[in-house]
Amino acid sequence: MSARTTTGTSITGHGVWHPANVLENSELCAAFNEFVRRDNARNADAIAAGTHEPLKESTPEFVVKASGILRRYVEDKTGLVDPERMCPNIRDRPETELSIQAEYAVNAAKVALERAGRVGEEVDLVVLGCSNLQRLYPALAIEVQDAIGARGYAFDISLGCSAATGATQLASQAVRLGQAKCALVVVPELTTGHMNWRERDSHFIFGDASVALVVEPAATAKASSWEILSTQMASKWSATTIRNNRGYLDRCDPDTERDEVSKLFHQQGRRVFKEVVPMAEKFIKDHLAAHDLQPAQVTRYWLHQANQAMNELIAKRVLGRAATRSEAPIILDEFGNTASAGSLIAFSRHNEELAAGSYGMMASFGAGYSLGSLLLQRQ
Ligand code: COA
């Protein structure tokens with residue numbers, strides 16, 4: 001590959017949508033700490049007898065120091081600030097109504113299509129990438145396809161926090177192969193449903209948001225689109241570091257509780273940090289080297305948004321010096337970790353002012369492990 005290699009496809013539109021409710025660290029920790037006090041009171045005898053470990057409280061200061069997250073958008077706050085519930089209240093909808101995740105996708109799609117100057121009827125492929133899918137079938141993407149009046153075909157993909165970069169690569173490949181002319185990527189990350197709000201180590205991590213991209217042939221893309229020069233994916237099995245075991249076989253194991261903690265998001269955060277940083281550094285450097293590009297020639301890195309210190313370290317190791325906020329923007333302070341949507345939201349929020357010819361790289365890393373990157377150039 002040379003610096004001029006291209007997929008011949010471009011991102012012509014992008015859009016972000018999030019629910020209106022904001023959950024501040026202070027509110028989150030107040031509810032968590034009330035849950036802890038009640039749980040410890042319920043287990044007071046066992047704690048006194050030394051047979052039960054008391055739960056420890058959480059602090060907003062720790063959350064900011066450990067993650068950089070200040071607040072997050074959430075679908076429902078009532079269940080999250082209720083110490084007896086500690087789970088969002090999201091009602092099942094009748095099958096004849098638009099599903100909530102499809103609604104998230106449509107909300108972001110409208111913004112992206114408008115920016116691309118397209119309408120739903122012009123879309124001929126919908127790829128829905130998400131770390132959590134609310135049902136097994138029919139594919140959510142087909143519901144989105146119907147809701148926006150799109151033609152062609154649609155499918156869902158699952159790849160943890162690299163689902164969105166993976167979906168974008170598949171959309172780009174379909175356009176490149178001529179299978180689609182106007183592909184829509186939708187990433188409806190309603191993550192608050194998968195979290196264990198009773199676990200001190202991770203109760204602060206995620207937030208809800210949706211992002212969408214429009215991918216079209218570069219030759220006909222409007223000025224200021226982002227040409228996708230090349231894409232890269234990698235995966236490496238890691239059994240215990242980031243995982244959620246919920247699935248359709250849940251009811252089949254006679255010895256497993258429906259709500260047991262392994263059926264919620266769980267991770268070994270420290271280990272993830274240590275293992276992912278060198279993997280992401282090498283992955284990004286390899287992708288740039290394949291184009292004979294030096295890291296400093298890339299004006300902006302839209303990195304996966306899980307942890308601020310992790311992003312700063314990856315960017316520093318790639319560049320050989322600390323990155324500025326302009327080189328590696330952070331959106332997790334406002335959104336929390338939005339799983340696979342993070343790097344695309346960072347892109348959507350922080351690309352408009354870059355000059356024609358600028359290089360940018362979108363890169364994700366997460367459960368699997370899975371990694372994805374797209375090298376872009378402004379048209
Ligand atoms: N409030 C107060 N203290 C807390 C706490 C909380 N909510 N949660 C943990 N602590 C304490 C721990 O008990 C520990 O105390 P100790 O040192 O006395 O044992 C200390 O704070 C450090 O805990 P640790 O879990 O090691 O914190 P950390 O600095 O590694 O940060 C993560 C935790 C999860 C934020 C961080 O490791 C991370 O983001 N890793 C990457 C995860 C990732 O990218 N995942 C991808 C998901 S898509």
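Let's go straight to the helices around the ligand: H3, residues 60-67, and H7, residues 269-289, each bring at least two residues to the shell. Of everything that contributes, H7 gives the most, with 4 residues. Please keep in mind that this is a predicted model.

So who else is in that shell? In total, 19 residues surround the ligand, and the closest are Ser-58, Arg-200, Gln-267, Arg-270 and Asn-307. By character, the shell splits into 9 nonpolar, 7 polar and 3 charged residues.

Now for the polar contacts, and I'll take the nitrogen side of the ligand to begin with. Ser-58 places a polar side-chain atom 2.8 Å from a ligand nitrogen. With Thr-59, it is a polar backbone atom that sits 3.4 Å from a nitrogen of the ligand. Turning to oxygen, a ligand oxygen atom lies 2.8 Å from a side-chain N or O atom of Asn-307. As for overall cover, the ligand on its own has 960 Å² of accessible area, and the protein covers 74% of that.

Before I finish, let me show you one more residue, Asp-76. You'll find Asp-76 in the loop that runs between strand E3, residues 71-73, and helix H4, residues 100-116. Asp-76 is buried, yet it has no salt bridge. Which side chain of opposite charge is nearest to Asp-76? That would be Arg-85, and it is 6.6 Å away, against a salt-bridge cut-off of 4 Å. What the Asp-76 side chain does reach is the backbone nitrogen of Asn-89, at 2.8 Å.

Thanks, everyone, and I'm happy to go back to any of these on screen.

Key:
Residues are numbered from 1 along each chain as its sequence is written. This is a predicted model: local features need pLDDT of at least 70, side-chain atom pairs count only at pLDDT 80 or more; totals for chains, interfaces and linings use all residues. Side-chain values use heavy atoms; hydrogens and water are left out. A residue is near a molecule or strand if one of its heavy atoms lies within 4 Å of it. A polar contact is a pair of N or O atoms within 3.5 Å; within protein, one must be able to donate a hydrogen and the other to accept it, and residues adjacent in sequence count only if both atoms are side-chain atoms. Accessible areas come from the Shrake-Rupley method with a 1.4 Å probe; for residues, only the protein chains shown count as cover. Ala, Val, Leu, Ile, Met, Phe, Trp, Tyr, Cys and Pro count as nonpolar, Asp, Glu, Lys and Arg as charged, and the others, Gly among them, as polar. Buried means under 20% relative accessible area, exposed over 50%, partly exposed in between (1.4 Å probe, protein chains only). Lys and Arg count as positive and Asp and Glu as negative; His and the chain ends are not counted.
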